[in-house]
Amino acid sequence: MFTSFSFQGQLDILGTIFVEVNDNFGNTFTFANVPANSVFGPFGAAAVAGTGQYIDKVKVYTELPENFKSIKLVDFGNYTVAGAVPEPATWAMMMLGFLGVGFLAYRRKNQGSVRLA
């Protein structure tokens with residue numbers, strides 16, 4: 001997962017570059033009339049800060065694959081890893097465990113002295 005993607009490159013002929021960005025909101029970007037035989041870009045996409053948006057997969061292509069003369073300076077920025085969040089069942093087991101330990105401590109406190117059975 002990352003929050004931004006950009007690239008530069010060069011086409012053999014005038015054309016359109018398609019950039020499919022698979023994120024948790026679903027987006028596709030199209031850059032039309034990219035000039036031939038000159039460096040283009042940078043083109044790219046960035047997640048909107050504070051929304052929880054992230055980019056998962058990117059596909060860059062043209063109408064004719066042989067149209068790409070070069071693609072360079074590819075950048076994936078702000079790589080983030082989502083923190084682990086316990087499942088509800090885990091929270092329930094943890095709370096029951098704390099409740100059980102608290103109950104045992106309460107019973108031992110009320111018993112006064114150690115008893116041998």
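Reader: Which pattern does the protein follow when read along the sequence?
Author: Happy to start there, with the reminder that this is a predicted model. The protein has one helix and six strands. Read along the sequence, the pattern is β-β-β-β-β-β-α.

Reader: Is Glutamine 8 buried or exposed?
Author: Let's place the residue before judging it. Glutamine 8 belongs to strand S1, which covers residues 4-11. Its relative accessible area is 19%, and buried means under 20%, so Glutamine 8 counts as buried.

Reader: Which residues does Glutamine 8 touch, leaving out those up to four places away in sequence?
Author: Good follow-up for a residue in strand S1. Setting aside residues up to four places away in sequence, the partners of Glutamine 8 are Val39, Phe40, Gly41, Pro42, Ile71, Lys72 and Leu73.

Reader: What share of the contacts between residues at least 6 apart in sequence joins residues at least 24 apart?
Author: Glutamine 8 gives one example of contacts across the sequence, with Leu73 among its partners. For the protein, counting contacts between residues at least 6 apart, the share joining residues at least 24 apart is 73%.

Reader: Why can Methionine 94 be part of a surface patch?
Author: Methionine 94 sits in helix H1, residues 88-111. A patch takes residues with over 30% relative accessible area. Methionine 94 passes that cut-off because it is partly exposed, with a relative accessible area of 34%.

Reader: What is the area of the nonpolar surface patch that includes Met94?
Author: Met94 shares this patch with Trp91, Met95 and Phe98. Together they make a nonpolar surface of about 450 Å².

Reader: What percentage of the residues in the protein is buried?
Author: The protein has 117 residues, and Glutamine 8 is one of the buried ones. The buried residues make up 22%.

Note on methods:
Residues are numbered from 1 along each chain as its sequence is written. This is a predicted model: local features need pLDDT of at least 70, side-chain atom pairs count only at pLDDT 80 or more; totals for chains, interfaces and linings use all residues. Side-chain values use heavy atoms; hydrogens and water are left out. Patches are made of residues with over 30% relative accessible area and no salt bridge: like charges are joined within 9 Å, nonpolar side chains (Val, Leu, Ile, Met, Phe, Trp, Tyr) within 5 Å. Accessible areas come from the Shrake-Rupley method with a 1.4 Å probe; for residues, only the protein chains shown count as cover. A salt bridge is a side-chain nitrogen of Lys or Arg within 4 Å of a carboxyl oxygen of Asp or Glu. Helices (H or I, at least four residues) and strands (E, at least two) are DSSP runs, numbered from the N terminus. Buried means under 20% relative accessible area, exposed over 50%, partly exposed in between (1.4 Å probe, protein chains only). Contact means heavy atoms within 4.5 Å.
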